[in-house]
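Biologist: Before we talk about any contact, please put the structure where both of us can look at it, and then let me ask how each label is justified.

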Amino acid sequence: VGGITASLNTMASSLEGAPAKREELPLELDDRDIDWSASGSWRRMRVKVSSYKLAKWGVEPKVDTFEHTSTMLLAPKPFARGGMRYAFALVEEASGHRLVAKAYAFKDEAFKSL
């Protein structure tokens with residue numbers, strides 16, 4: 001609960017005095033079906049992957065963190081856009097796992113900290 005409260009407080013403070021309309025990144029969507037077989041030609045990046053597992057719940061919750069470095073392949077264009085982010089197709093090169101990477105759709109810094 002404390003983490004959720006801290007996140008909401010951070011979001012609220014980052015929006016104080018925020019402009020009514022944010023400047024969006026002008027990315028063109030790829031409206032075709034994702035061609036996973038073309039991932040070999042996508043942008044190749046070495047990234048640190050972190051995942052979290054709630055190991056103990058209660059007054060003093062415990063979260064286990066798992067991290068590893070991996071090579072990812074990122075599609076050149078996003079396939080969708082939500083209220084705050086663009087969604088890109090992503091493949092972990094070693095495992096072939098198909099994933100989704102999200103990037104903020106705004107140029108300003110306020111939303112990047114959420």
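Biologist: Why is the contact between Glu24 and Arg81 called a salt bridge?

Modeller: In this predicted model, the side chains of Glu24 and Arg81 meet at 3.2 Å, N to O, and because the cut-off is a nitrogen of Lys or Arg within 4 Å of a carboxyl oxygen of Asp or Glu, the pair qualifies. Glu24 lies in the loop between H1 and E1 while Arg81 belongs to strand E3 (residues 80-81), so the pair ties together parts that are 57 residues apart in sequence.

Biologist: What makes Arg81 count as partly exposed?

Modeller: Its relative accessibility is 32%, and because buried means under 20% and exposed means over 50%, a value in between is called partly exposed. Glu24, with a relative accessible area of 38%, is also partly exposed.

Biologist: How do you know that Glu23 and Lys107 form a salt bridge?

Modeller: The N to O distance between their side chains is 3.2 Å, and since the limit is within 4 Å, the name applies here. Glu23 sits in the loop between helix H1 (2-15) and strand E1 (43-56), and Lys107 in the segment after strand E5 (98-104), so this pair ties together parts that are 84 residues apart in sequence.

Biologist: Why is Glu23 called exposed, whereas Lys107 is called partly exposed?

Modeller: Glu23 has a relative accessible area of 52%, and because exposed means over 50%, that label fits. Lys107 has a relative accessible area of 40%, and as partly exposed covers the range between 20% and 50%, Lys107 is given that label.

Biologist: What makes Arg32 and Asp30 a salt bridge?

Modeller: Their closest N and O atoms are 2.9 Å apart, which satisfies the requirement of being within 4 Å. Arg32 itself counts as exposed, at 61% relative accessibility, and by this rule the count of salt bridges comes to seven.

Biologist: Why are E3 and E4 said to pair?

Modeller: Two bridges join E3 to E4, and because at least two are needed, the strands pair. They run antiparallel and form a hairpin with three residues between them; Arg81, discussed above, has Tyr86 as its bridge partner in E4.

Biologist: How do you know that E4 pairs with E5 and with E2?

Modeller: Seven bridges join E4 to E5 and three join strand E2 (residues 62-74) to E4, so both counts satisfy the requirement of at least two. Val91 of E4 is the bridge partner of Leu73, and Val91 also stands opposite Arg98 in E5.

Terms used. Residues numbered from 1 in each chain as written. Predicted model: local features only at pLDDT ≥ 70, side-chain atom pairs only at ≥ 80, totals over all residues. Heavy atoms only, no water. Helix = DSSP H or I, 4+ residues; strand = E, 2+ residues; numbered from the N terminus. Buried < 20%, exposed > 50% of the residue type's maximum accessible area, 1.4 Å probe, protein only.
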